[in-house]
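Let's take a walk through this protein together, going from a pair of strands to a pair of helices and then out to the whole chain. Keep the model open beside you as you read.

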Amino acid sequence: MGDGDPRQATRSERLRLAIERDGARCVWCGRPFARLVQPTRDHLVPRAKGGPSWLENEVPACRRCNAERGHRGVVEWLEECVRRGWEPDEDAVSRSLDALDAAIAGRGGQRRARTYVAAQRRRLQRRRADGQAPAG
Ligand SMILES: [Zn+2]
């Protein structure tokens with residue numbers, strides 16, 4: 001499998017690369033991965049919403065957060081994490097959304113994912129501009 005092309009990496013390789021990129025903890029709740037906190041690949045754009053299985057669309061998340069988020073939007077779930085008193089890695093999420101946007105632009109296609117990413121990036125930018133004002 002080509003090291004230079006993340007699209008060609010297997011799932012376990014992509015998980016390893018995502019952890020290398022974002023750190024060995026859940027991007028949502030911040031818990032370090034351990035025997036009882038198993039790492040998974042969480043799709044920023046859910047697969048049900050047309051999200052590709054690319055490294056750019058995957059962030060390391062614990063099994064609990066991955067399951068609990070379900071198909072919720074990136075920013076909606078981010079705000080839910082904050083409400084729960086967790087410290088989500090907003091920078092990592094933002095970086096991945098930017099990288100995904102660039103990857104889609106470069107590779108073409110992914111029309112549904114493109115729209116989703118654009119909307120989430122706008123929301124995230126607005127949220128950051130507002131100085132993390134409480135949601136709602
Ligand atoms: Zn978590």
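**A walk through the fold**

Four of the five residues of strand β1 are buried, so β1 is largely enclosed by the rest of the structure. Before going further, please keep in mind that this is a predicted model. With that said, β1 is a good place to begin, and you can find it at residues 39–43.

What does β1 pair with? Its partner is β2, and the two strands run antiparallel, joined by five bridges. Two of the residue pairs are handy for finding your way along the ladder. P39 stands opposite C62 in β2, and D42 has V59 of β2 as its bridge partner.

Now turn to β2 itself, which covers residues 58–62. Is this strand mostly covered or mostly open? It is mostly covered, since five of its five residues are buried. You can check this one face at a time: E58, P60 and C62 point to one side, V59 and A61 to the other, and every one of these residues is buried. Both faces of β2 are therefore covered, taking buried to mean 20 or more other C-beta atoms within 10 Å.

While you have β1 in view, look across to helix α1, which spans residues 11–22 and contains S12. S12 and T40 are 28 residues apart along the chain, and 9.3 Å separates their C-alpha atoms. Is S12 buried or exposed? S12 is exposed, because 9 other C-beta atoms lie within 10 Å, and a residue with 12 or fewer falls in that class.

Next, move along the chain to two helices that meet. Helix α4 takes up residues 90–107 and helix α5 residues 111–129. Their axes come within 10 Å and cross at roughly 145°, and the crossing is left-handed. Which residues make up this meeting place? From α4 come S94, L97, L100, D101 and I104, and from α5 come A113, R114, V117, Q120, R121 and L124. Sorted by class, the contact has six nonpolar, two polar and three charged residues.

One member of that contact, L124 in α5, is worth a closer look. Setting aside neighbours within four places in sequence, L124 touches V75, S94 and L97. S94 and L124 are 30 residues apart along the chain, yet their C-alpha atoms are separated by 7.5 Å. With 18 C-beta neighbours inside 10 Å, L124 counts as partly exposed, because a residue needs 20 or more to be called buried.

You can also follow the two helices through other residues. D98 sits in α4, and its C-alpha atom is 9.4 Å from that of A118, 20 residues away along the chain. D98 has 14 other C-beta atoms within 10 Å and is partly exposed. R112 belongs to α5 and is likewise partly exposed, with 13 other C-beta atoms within 10 Å. R112 and D101 are 11 residues apart in sequence, and their C-alpha atoms are 12 Å apart in space. Beyond its neighbours within four places in sequence, R112 is in contact with K49 and G50.

Where does Q110 sit? You will find Q110 in the loop between α4 and α5. Its backbone deserves a glance: Q110 has a positive phi of about 55°, although it is not a glycine. Q110 is also buried, because 20 other C-beta atoms lie within 10 Å, and 20 or more is what that class asks for.

Finally, step back to see the whole protein. How many helices and strands does the protein have? There are five helices and two strands, and from the N terminus on the order is α-β-β-α-α-α-α. The radius of gyration is 14 Å, close to the 14 Å that the globule rule gives for 136 residues, so the protein is as compact as a globular protein of that length. Along its principal axes, the C-alpha trace spans about 45 × 35 × 25 Å. Buried residues account for 32% of the 136 residues. Of the contacts with a separation of 6 or more, 62% come from residues 24 or more positions apart.

Notes:
Residues numbered from 1 in each chain as written. Predicted model: local features only at pLDDT ≥ 70, side-chain atom pairs only at ≥ 80, totals over all residues. Pairing = 2+ DSSP bridges. Axes fitted to C-alpha atoms, helices over the stretch in contact; angles between N-to-C directions. Left-handed = near helix turned anticlockwise from the far one by under 90°. Contact = placed C-beta atoms within 7 Å. Nonpolar A, V, L, I, M, F, W, Y, C, P; charged D, E, K, R; others polar. Rg over C-alpha atoms; globule rule 2.2 N^0.38 Å.
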